[in-house]
Amino acid sequence: MTIRTIPTQPFTDQKPGTSGLRKRVPVFQQAHYLENFVQSIFDSISAPANATLVLGGDGRYYNREAIQVILKMAAANGFGRVLVGKGGILSTPAASCVIRKHKTYGGIILSASHNPGGPEGDFGIKYNVTNGGPAPEKVTEAIFARSKQISEYRILEAADISLDSLGVSDLGGMQVEVIDPVTDYADLMASLFDFAAIRDLLAGGFRIKFDAMHAVTGPYAREILERQLNAPAGSVMNAEPLPDFGNGHPDPNLTYAHELVDIVYGENAPDFGAASDGDGDRNMILGKGFFVTPSDSLAILAANATLVPGYKNGLAGIARSMPTSAAADRVAQALGIPCYETPTGWKFFGNLMDAGKVTLCGEESFGTGSDHVREKDGLWAVLFWLNILAARKQSVEAIVYEHWAKYGRNVYSRHDYEGLPTDAANGVMKHLHGSFANLQGQTLGNYKVLFCDDFSYIDPVDGSISTGQGVRIGFTDGSRIVFRLSGTGTEGATLRIYLEAFEPDVAKHPLDAQAALSELIGIALQISELRTRTGREQPTVIT
Ligand code: VG1
Ligand code: CO
């Protein structure tokens, strides 16, 4: 077997976004495109000779082909061993778990998460570092810088490796070990949660429905929920991972997980519903005819953490991304623990967890997790909820209402405008930046502007600074509007508007979030000039 050095030209667009490099499949299929990026990773991470790498993906279209290329490039770049999930499968949290458990140098995860898959869909690749978490910005910036300079890559000339049976094979002197993608992860879950209590809950007739959305979580959910916790067969739906996710959009929210939503809002609904995304790191939590916002979910997990064996000694602290509601802050305050506010994306939580400053982290975008791994973790959140439900023996809805009664409610919504012309979206952000001086102190209807700024973050552990993380307009009553451009899309631009108001008065619950936020929504549209600048009347997705 010979190692080939292939001359190449740089691509200019290999800048990793919020979570790795995401492009349409045909972009990745261009000659040298994937190889350039992989070589740029290897050139930037200074792995020692014979290092071990973890490799796997969410099973989407192009996963298998990419894995073969990466294996041959790893062999040609001096890696000693690669742990690859059987069939090329590893969910994002499972990959993080395997990196940590087997103390590997790092890992490559192939996923475009919740973005649709298939020949015309999206593909993605990201590098995770030794702690199991997404590469921090200094690493992703180094990879991007390298991708603009690259002139050659190395690849082994060899036949493809079989990914479908467990075991070790040799690839040009490098060991390729095909591992069961579920075992290590399932063991970790069993060590954190009271499986016996959850089994009793389910045996007592508490009914659950988990929608894997034909994405990577299917095999994990089947093993843990149906086999280990004895949920009746069929409790996990759409459990077969498919390269095009059954033509679906594997994003667990009220819009895209409508099949599940119809079930939990329908007749004879189960007591608990949940869904996960393409790569298994997101979660949506539902009760019987009831939706739990991700920001509330984080706060409720934090408030109830000591009911769960893995967290019985309490939490060191909580972290949430800036656009996530302040519901978790109220719990942190009550518990007397710190709450950190970070930019969007899981890579900002890693340092805080490594330093022991936080135990739970969350984002409004259906992401929750803890220091058990260094990624957000969909099934973990589902098990956390089931453990709380088993301990409290109340409905999801009752738990949420009690939480609001105790802490007040941060009424919250996100409006996404997807697929906007990039210029128009940039124009909106530029206009907002130019309005700061004018907005300061202004009264808009019932709201008075307290501050407006562009969020920046100084990492309290390593002092690194991240600027331009989203425009915030805060009002004197604690309400807030945030504008941010997405860093995960592949087509045009996606503008997100995050809206939050605080309602302490329990007598006003339940209230409809959209109605309660309607004045803020109007203000957001007015000050951003979004409708005139983009020609869009309505958001694409409301969560
Ligand atoms: C989105 C979410 C963000 C999340 C990121 C990756 O990013 O808003 O909270 O961390 O996706 O999640 P953006 O830049 O599009 O807003 V995943 O499950 O797509 O890896
Ligand atoms: Co994801």
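Helices (H or I, at least four residues) and strands (E, at least two) are DSSP runs, numbered from the N terminus. The model shown is predicted, so local features need pLDDT of at least 70 and side-chain atom pairs count only at pLDDT 80 or more, while totals for chains, interfaces and linings use all residues. Residues are numbered from 1 along each chain as its sequence is written, chains are lettered from A and ligands numbered from 1 in the order in which they are written, and side-chain values use heavy atoms, with hydrogens and water left out.

**Figure 1. Overview of the chain, with 18 helices and 27 strands.** The radius of gyration (taken over C-alpha atoms) is 23 Å, close to the 24 Å that the globule rule gives for 543 residues, so the chain is as compact as a globular protein of that length. The globule rule is 2.2 Å times the number of residues to the power 0.38. Along its principal axes, the C-alpha trace spans about 75 × 60 × 40 Å. Of the 543 residues, 59% count as buried; buried means under 20% relative accessible area, exposed over 50%, and partly exposed in between (1.4 Å probe, protein chains only). Contacts are defined by heavy atoms within 4.5 Å. Among contacts with a separation of 6 or more, 72% come from residues 24 or more positions apart. The exposed surface of the chain is about 19800 Å², of which carbon and sulfur atoms supply 49%; accessible areas come from the Shrake-Rupley method with a 1.4 Å probe, and for residues only the protein chains shown count as cover.

**Figure 2. The open sheet of seven strands.** The strand order is E20-E21-E24-E25-E26-E19-E27, with antiparallel pairing. Two strands pair if DSSP finds at least two bridges between them. Strand E20 (443-444) and strand E27 (541-542) are the edge strands, each pairing on one side only. At the E27 edge, strand E19 (residues 409-420) pairs with E27 in the antiparallel sense over two bridges. His415 has Ile542 of E27 as its bridge partner.

**Figure 3. The E20 edge of the sheet and its hairpin.** Two bridges join E20 to strand E21 (residues 447-454) in the antiparallel sense. Thr443 has Lys448 of E21 as its bridge partner. Two residues lie between the strands of this hairpin, and Gly445 takes a positive phi near 55°. On to the next strand in the sheet order, E21 pairs with strand E24 (residues 471-475) in the antiparallel sense over five bridges. Here Asp454 stands opposite Val471 in E24.

**Figure 4. Strand E12 and its two partners, E10 and E13.** Five of the five residues of strand E12 (residues 272-276) are buried. Phe272, Ala274 and Ser276 point one way from E12, while Gly273 and Ala275 point the other way. In a regular strand the side chains alternate between the two faces of the sheet. E10 and E12 run parallel and are joined by four bridges; Lys209 has Gly273 of E12 as its bridge partner. E12 pairs with strand E13 (residues 283-287) in the antiparallel sense over five bridges, and Ala275 has Met284 of E13 as its bridge partner. E12 and E13 form a hairpin with six residues between them, and Gly280 in the turn has a positive phi of about 80°.

**Figure 5. Ser113 and Met213, two loop residues with positive phi.** Ser113 has a phi of about 55° although it is not a glycine. Ser113 is found in the loop between strand E5 (106-110) and strand E6 (122-128), and is buried, with a relative accessible area of 2%. Met213, also not a glycine, has a positive phi of about 55°. The loop that holds Met213 runs between strand E10 (208-211) and helix H8 (217-228). Met213 counts as buried at 7% relative accessibility.

**Figure 6. Helix H17 and the residue that follows.** The buried residues in helix H17 (residues 518-528) include Leu520, Ile521, Ile523, Ala524, Leu525, Ile527 and Ser528. Just after H17, Glu529 takes a positive phi of about 55°.

**Figure 7. Surroundings of Pro309.** Pro309 is found in the loop between helix H10 (294-303) and strand E15 (318-321). At 35% relative accessibility, Pro309 counts as partly exposed. Leaving aside neighbours within four places in sequence, Pro309 is in contact with Leu192, Phe193, Asp194 and Asn387. Pro309 and Leu192 are 117 residues apart in sequence, and their C-alpha atoms are 6.0 Å apart in space.
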